[in-house]
Amino acid sequence: ALLRDEGVSFHLTIIGDGERLDACKNLARELNLDEYVFWRSFVAPATVADAMEKADIYVMPSNREEGWGVALAEAMAAGCACVSAVEAGATRLLIREEENGLCFHAGNEIELARKLTRLLTDPRLRSGMGAKARQDLVTKWHPRVVAPQLIGFSKALLNGQWPSRGTSEMFSPSEFVSLDEEYNGFGAFAL
């Protein structure tokens, strides 16, 4: 509603079902967003991938309860400019603010609207972030890249050592502690 009220042109496609679907549809109706929001029920993964390929922007509004958040990685691989809640899944690992995507704090609708407005009104920024997101997923998160890192990381831990940067680009010990403290013990899920 904030985007509409600011005169920003957009449409939102929501794919999937779930226990909150009816509440979301009711909220969209209450906010008079019916002409902006399009609903698609559960579809095959290939159809979701196709929709992501056609999309310009992907929003990951989840919170700390999100696991890895594979949909964010899929959207980045599809070349979407992504706006993700910083608390959600692997956002802090995947998104580099202002380079390959944008982050906001879960539940902060004003911050989310500002980030979306920037992308919706600046096609060059939007396409540039989408291209960088795709490049990062292919060069940094492809299984051929990550699998050897994970094996080296695991071997080092099994040998009682903290992996060096050459073994794993994921975290240093201080980064892990920092994430663990920030997420009140949930940092382990980031590995």
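Me: Quick ground rule before we start: two strands count as paired if DSSP finds at least two bridges between them. With that in hand, which residue stands opposite Ser84 in strand 5?
Reply: Keep in mind that this is a predicted model. Strand 4 (residues 81-85) and strand 5 run in the parallel sense and share four bridges, so they pass the cut-off of at least two. Facing Ser84 from strand 5 is Cys103.

Me: And what is the order of the strands in the open sheet of three?
Reply: The pairing in this open sheet is parallel. Strand 3 (57-60) and strand 5 (101-104) are its edge strands, each pairing on one side only. Neighbours in the sheet are turned by 15° against each other on average, ignoring direction. Put together, the three strands come in the order 3-4-5.

Me: Strand 4 and strand 5 pair in the parallel sense, but over how many bridges? And what angle does the direction of helix 7 make with that of strand 4?
Reply: For the strand pair, the count is four bridges. Helix 7 packs on the sheet and touches strand 3, strand 4 and strand 5. Its direction and that of strand 4 make an angle of about 80°.

Me: Is helix 6 roughly parallel or roughly perpendicular to helix 7?
Reply: Helix 6 (residues 109-121) packs against helix 7 with the axes 5 Å apart and an angle of about 100°. Angles from 65 to 115 degrees fall in one class, so the label for helix 6 against helix 7 is roughly perpendicular.

Me: How many nonpolar residues are in the contact of helix 6 with helix 7?
Reply: On the helix 6 side sit Arg118, Leu119, Leu120 and Thr121, and they meet Pro123, Leu125, Arg126 and Met129 of helix 7. Sorted by class, that contact has one polar residue, two charged ones, and a nonpolar count of five.

Me: On to charges: which residue forms a salt bridge with Lys54?
Reply: The N to O distance here is 3.0 Å, and the cut-off is 4 Å. The two partners sit four residues apart in helix 3 (residues 45-54), so about one helical turn separates them. Lys54 is exposed at 64% relative accessibility, while its partner is partly exposed at 38%. That partner is Asp50.

Me: How many residues apart in sequence are the parts that Glu53 and Arg134 tie together?
Reply: Glu53 and Arg134 form a salt bridge at 3.6 Å, N to O. Glu53 belongs to helix 3 and Arg134 to helix 7 (residues 123-140), so the bridge links parts whose separation in residues is 81.

Me: Which residues do salt bridges that share partners join into one network?
Reply: One of the bridges is Arg96 to Glu99, at 3.0 Å, N to O. Both ends are partly exposed, Arg96 at 24% and Glu99 at 44%. Shared partners give a network made up of Arg96, Glu99, Lys132 and Asp136.

Me: Last one: what separates the C-alpha atoms of Asn63 and Gly107?
Reply: Asn63 is in the loop between strand 3 and helix 4 (70-77), and at 36% relative accessibility it is partly exposed. Leaving out residues up to four places away in sequence, Asn63 touches Glu87, Ala88, Gly89 and Ala106. Gly107 is 44 residues from Asn63 along the chain, and the C-alpha separation is 8.3 Å.

Note on methods:
Residues numbered from 1 in each chain as written. Predicted model: local features only at pLDDT ≥ 70, side-chain atom pairs only at ≥ 80, totals over all residues. Heavy atoms only, no water. Salt bridge = Lys/Arg side-chain N within 4 Å of Asp/Glu carboxyl O. Helix = DSSP H or I, 4+ residues; strand = E, 2+ residues; numbered from the N terminus. Buried < 20%, exposed > 50% of the residue type's maximum accessible area, 1.4 Å probe, protein only. Axes fitted to C-alpha atoms, helices over the stretch in contact; angles between N-to-C directions. Parallel < 35°, antiparallel > 145°, perpendicular 65-115°, else oblique. Contact = heavy atoms within 4.5 Å. Nonpolar A, V, L, I, M, F, W, Y, C, P; charged D, E, K, R; others polar.
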